[in-house]
Amino acid sequence: MKLRQRKKILKRSGYKLHQEMTLTSLELKVCDREVESKFTSALHYFNKKEFDEGTIYKGSYIERLTNLYKDTVTIENITGVKRLVD
């Protein structure tokens, strides 16, 4: 799939998710792939940073990992569409 098509689908998905509408199967597939890609990348950099600092698996590692997940897998981060204030 071309980059332009993927961005267009993600933008449409972002608007639908903010309006709490259901996504089509293609939109779900593209969003799932984007979530997996972004989270895997973020997890790699997180573990590398933790290892370099010597804090990997020390106190509150799970809490930091949970915060990483929450920050990475947001509608705004995945689709690039911000919520409109009504």
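Is F46 buried or exposed, and at what relative accessibility? F46 counts as buried, because its relative accessibility is 10% and the cut-off for burial is under 20%. The structure is a predicted model. This briefing covers the packing of helix 2 with helix 3, two aromatic pairs, and selected residues of helix 1, helix 2 and the loop between them.

**Packing of helix 2 and helix 3**

- Helix 2 spans residues 25–53 and helix 3 spans residues 61–72.
- The two helices pack at an angle of about 145°, and their axes are 10 Å apart.
- Their crossing is right-handed.
- On the helix 2 side, the contact is made by K38, F39, A42, L43, F46, N47 and E50.
- On the helix 3 side, the contributing residues are Y61, R64, L65, L68, Y69 and T72.
- By class, the residues of this contact divide into eight nonpolar, two polar and three charged.

**Aromatic pairs**

- Two aromatic pairs are found in the structure.
- One of them joins F39 and Y69: the ring centres are 5.2 Å apart and the planes stand at 85°, so the pair is edge-to-face, the class for planes over 60 degrees apart.
- Because F39 belongs to helix 2 and Y69 to helix 3, this pair ties together parts that are 30 residues apart in sequence.
- Y69 has a relative accessibility of 45% and therefore counts as partly exposed.
- F46 and Y61 also pair, with ring centres 5.7 Å apart and planes at 35°, so this pair is tilted.
- F46 lies in helix 2 and Y61 in helix 3, so the parts tied together here are 15 residues apart in sequence.
- Y61 is buried, because its relative accessible area is 10%.

**Helix 2: span and buried residues**

- Helix 2 has 29 residues.
- From its first C-alpha to its last, helix 2 reaches 42 Å, close to the 42 Å expected at 1.5 Å a residue.
- The buried residues of helix 2 are E27, V30, C31, E34, A42, F46 and E50.
- These buried residues pack against helix 1 (3–18), helix 3 and helix 4 (75–79).
- G54, just after helix 2, takes a positive phi of about 80°.

**E50 in helix 2**

- E50 is found in helix 2 and takes part in the contact with helix 3.
- With a relative accessible area of 3%, E50 is buried.
- Not counting residues up to four places away in sequence, E50 touches T55, I56, Y61 and R64.
- Among these partners, Y61 and R64 are also listed in the contact between helix 2 and helix 3.

**Helix 1: span and buried residues**

- Helix 1 has 16 residues and reaches 22 Å from its first C-alpha to its last.
- That span is close to the 22 Å expected at 1.5 Å a residue.
- Buried in helix 1 are I9, L10, S13, G14, K16 and H18.
- The cover over these buried residues includes helix 2 and helix 4.

**K16 in helix 1**

- K16 has its place in helix 1.
- K16 counts as buried, because its relative accessibility is 18% and burial means under 20%.
- Leaving aside neighbours within four places in sequence, K16 is in contact with M21, T22, L23, T24 and E27.
- E27, one of these partners, is itself among the buried residues of helix 2.

**Loop between helix 1 and helix 2**

- E20 lies in the loop between helix 1 and helix 2.
- At a relative accessible area of 71%, E20 is exposed.
- Phi of E20 is near 60°, a positive value in a residue other than glycine.
- Most residues other than glycine have a negative phi.
- T24 also has its place in this loop, between helix 1 and helix 2.
- T24 counts as partly exposed, because its relative accessibility is 39%.
- T24 and K49 are 25 residues apart in sequence, and their C-alpha atoms are 37 Å apart in space.

Methods. Residues numbered from 1 in each chain as written. Predicted model: local features only at pLDDT ≥ 70, side-chain atom pairs only at ≥ 80, totals over all residues. Heavy atoms only, no water. Axes fitted to C-alpha atoms, helices over the stretch in contact; angles between N-to-C directions. Helix = DSSP H or I, 4+ residues; strand = E, 2+ residues; numbered from the N terminus. Left-handed = near helix turned anticlockwise from the far one by under 90°. Contact = heavy atoms within 4.5 Å. Nonpolar A, V, L, I, M, F, W, Y, C, P; charged D, E, K, R; others polar. Phe/Tyr/Trp six-rings, centres within 6.5 Å; stacked < 30°, edge-to-face > 60°. Buried < 20%, exposed > 50% of the residue type's maximum accessible area, 1.4 Å probe, protein only. Expected span 1.5 Å × (residues − 1).
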